Amino acid sequence: MDAKPKFTERKYLLVLLFVTSLFLMWGISMTLGDVLNRHFQNVLHVSKARSAYVQFSIFGAYFVMGIPAGLFMKRFGYKNGVLLGLLLYSVGAFLFIPAADAESFTFFRVALFILACGMATLETVAHPFVASLGDQRTSDQRINFAQAFNGVGGIIGPIIGSSVIFAGEQDLVSVKHLYITIGAVIAVIAIAFAFVKVPALTDPHIVATDSYSAAEAPHPDKKLFHHKHFVFAVIAQLFNVAAQGGTWAFFINYGHEVMHFSDANASRFFALSMVMMMTGRFAGTFLMRFIAPYKLLAAFALANIVMCLIVAQGFGWVSFVALLFINFFFSIMFPTIFSLGLKNMGKQTQQASSFIVMGVVGGGLFPLLMGLVANHSVAHAYYLPIICYAVIFLFGFNYKRLNKSTVAA
């Protein structure tokens, strides 16, 4: 009987910890974007539908940067890919200075776009990078573990928003000072990572001969889009991030309009929802030791369909608790879809990663649709993510058939 594969190896620990810290940093920026969405409504007097262009700028960058980041990573390696992402991230943050001085919503969107190009580059690189730091059979666990710290960043973002951006200031000075700090921190991280030595890596997505029979082994010459599980993963990720973008973009509006919270209090509850997401990721990482990841994914998607139905009713605290639980069940979806999509892709792993990252553009498009509904009823806007979770459920439910190289579980 084969020994149980290790989570990782000692030689990879420092690199794994460093790359995991990147998940924390873009978690902060991602949820700060949702705080900015509401702040721009207040200060720059934009409508809910127009404020959703904040998410469009962020997630649109993922669509634009996905393939270039993958090509850069393939040509120059994981480490240089991380450094490029950190550089763009830092430049985008520093551009908040002239954007705030100009009080221009368009300028802010340009700054957010460049910052998000950095986030997209990091995300394109970090997922296969983390997956490569050990056995393929534990790659789902490693990616979910790293993504749990994305949840930690997601907690920190709204807390910063409530204590800095919403702290009684109805101007853009606090926004400018905050992003100066973020830009400086990212620059320091980039300098530190430049001195980190990355051990030689082997392709973790090449099937181990002791894990699969010859009949089950994937075909190395198969074209990229002939891998059904990969194609469905791109589609599932698009709808997954669409649901995330819409849910987060109007969370503070829901707290303000349905629960009658102040923006600062609603932002604190948003931070609590990130705690739910982080808890879900740690719980999911543990449960994947006993439940096949694709089965757990299908179960969590089904749970979120129920949560969205409850949220859309606007039943007060019952609906608001369901809104919090959306993040718990959402927790494992992004990393699990990503990892399942990359399974058994071999030399096509980096290219596949680029396309899955491009699916993140859904997070920029869906808030625009939800914003149109939210202009009339923010509660009813939460009917729309049900479509997304139905697609994710179908991906998880059919995964074993889509990827016939999957080990039976």
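1. The largest nonpolar core of this predicted model comprises 141 residues, and Tyr179 and Phe395 are the residues with the most contacts inside it. Beyond its neighbours within four places in sequence, Tyr179 is in contact with Leu32, Leu36, Ala93, Phe96 and Leu115.

2. Phe395, the other residue named for its contacts within the core, also appears among the partners of Leu297. Leu297 belongs to helix α11, which spans residues 293-311. Its relative accessible area is 0%, so Leu297 is buried, the limit being under 20%. When neighbours within four places in sequence are set aside, Leu297 is in contact with Ile332, Met333, Thr336, Ile337, Leu340, Ile392, Phe395 and Gly396. For one of these partners a backbone distance is available: Leu297 and Ile337 are 40 residues apart along the chain, and their C-alpha atoms are separated by 8.1 Å.

3. Aromatic pairs deserve a separate point, as the structure holds 37 of them. In one pair, the ring centres of Phe149 and Phe282 are 6.1 Å apart and the planes stand at 85 degrees, so the arrangement is edge-to-face. This pair links distant parts of the chain, with Phe149 in helix α6 (residues 139-165) and Phe282 in helix α10 (residues 263-287), 133 residues apart. Both side chains are partly exposed: the relative accessible area is 27% for Phe149 and 33% for Phe282.

4. Phe261 and Phe320 form a further edge-to-face pair, with 5.4 Å from centre to centre and 75 degrees between the planes. Here too distant parts of the chain are linked: Phe261 lies in the loop between α9 (251-257) and α10, Phe320 lies in helix α12 (residues 317-330), and 59 residues separate them. Phe261 is buried, with a relative accessible area of 14%, and Phe320 is buried at 0%.

5. Phe261 and Phe320 also belong to one aromatic cluster, whose members include Trp248, Phe251, Tyr254, Phe269, Phe270, Trp317, Phe330 and Tyr382. A ring may also lie beneath a charge: the charged end of Arg75 sits over the ring of Phe76, 4.9 Å from its centre.

6. Where is empty space enclosed? The structure holds 2 cavities of 30 Å³ or more, and the largest cavity contains about 130 Å³ of space. Its lining consists of 16 residues, of which Met30, Glu123, Asn150, Gln244 and Phe334 are the closest to its centre. The elements that give two or more residues to this lining are α1 (13-43), α3 (53-94), α6, α8 (228-249) and α10.

7. Asn150, one of the lining residues closest to the centre of the largest cavity, can be placed relative to Tyr12. The two residues are 138 residues apart in sequence, and their C-alpha atoms are 20 Å apart in space. Tyr12 is located in the segment before α1; at 4% relative accessibility, Tyr12 counts as buried.

8. Helix α10, which contributes to the lining of the largest cavity, also carries Ser267. Is this serine buried or exposed? Ser267 has 0% relative accessibility and therefore counts as buried, the limit being under 20%. Not counting residues up to four places away in sequence, Ser267 touches Val35, Pro158, Gly161, Ser162, Phe166 and Ile252.

How values were computed: Residues numbered from 1 in each chain as written. Predicted model: local features only at pLDDT ≥ 70, side-chain atom pairs only at ≥ 80, totals over all residues. Heavy atoms only, no water. Phe/Tyr/Trp six-rings, centres within 6.5 Å; stacked < 30°, edge-to-face > 60°. Helix = DSSP H or I, 4+ residues; strand = E, 2+ residues; numbered from the N terminus. Buried < 20%, exposed > 50% of the residue type's maximum accessible area, 1.4 Å probe, protein only. Lys NZ or Arg CZ within 6 Å of the ring centre and 35° of its normal. Core = buried A, V, L, I, M, F, W, Y, C linked by side-chain atoms within 4.5 Å. Contact = heavy atoms within 4.5 Å. 1 Å grid on protein atoms, 1.4 Å probe; cavity = no way out; pocket = protein on both sides within 12 Å on 5 of 7 lines; lining within 4 Å. Points joined across faces, edges and corners; volume = space filled by probe spheres on them.
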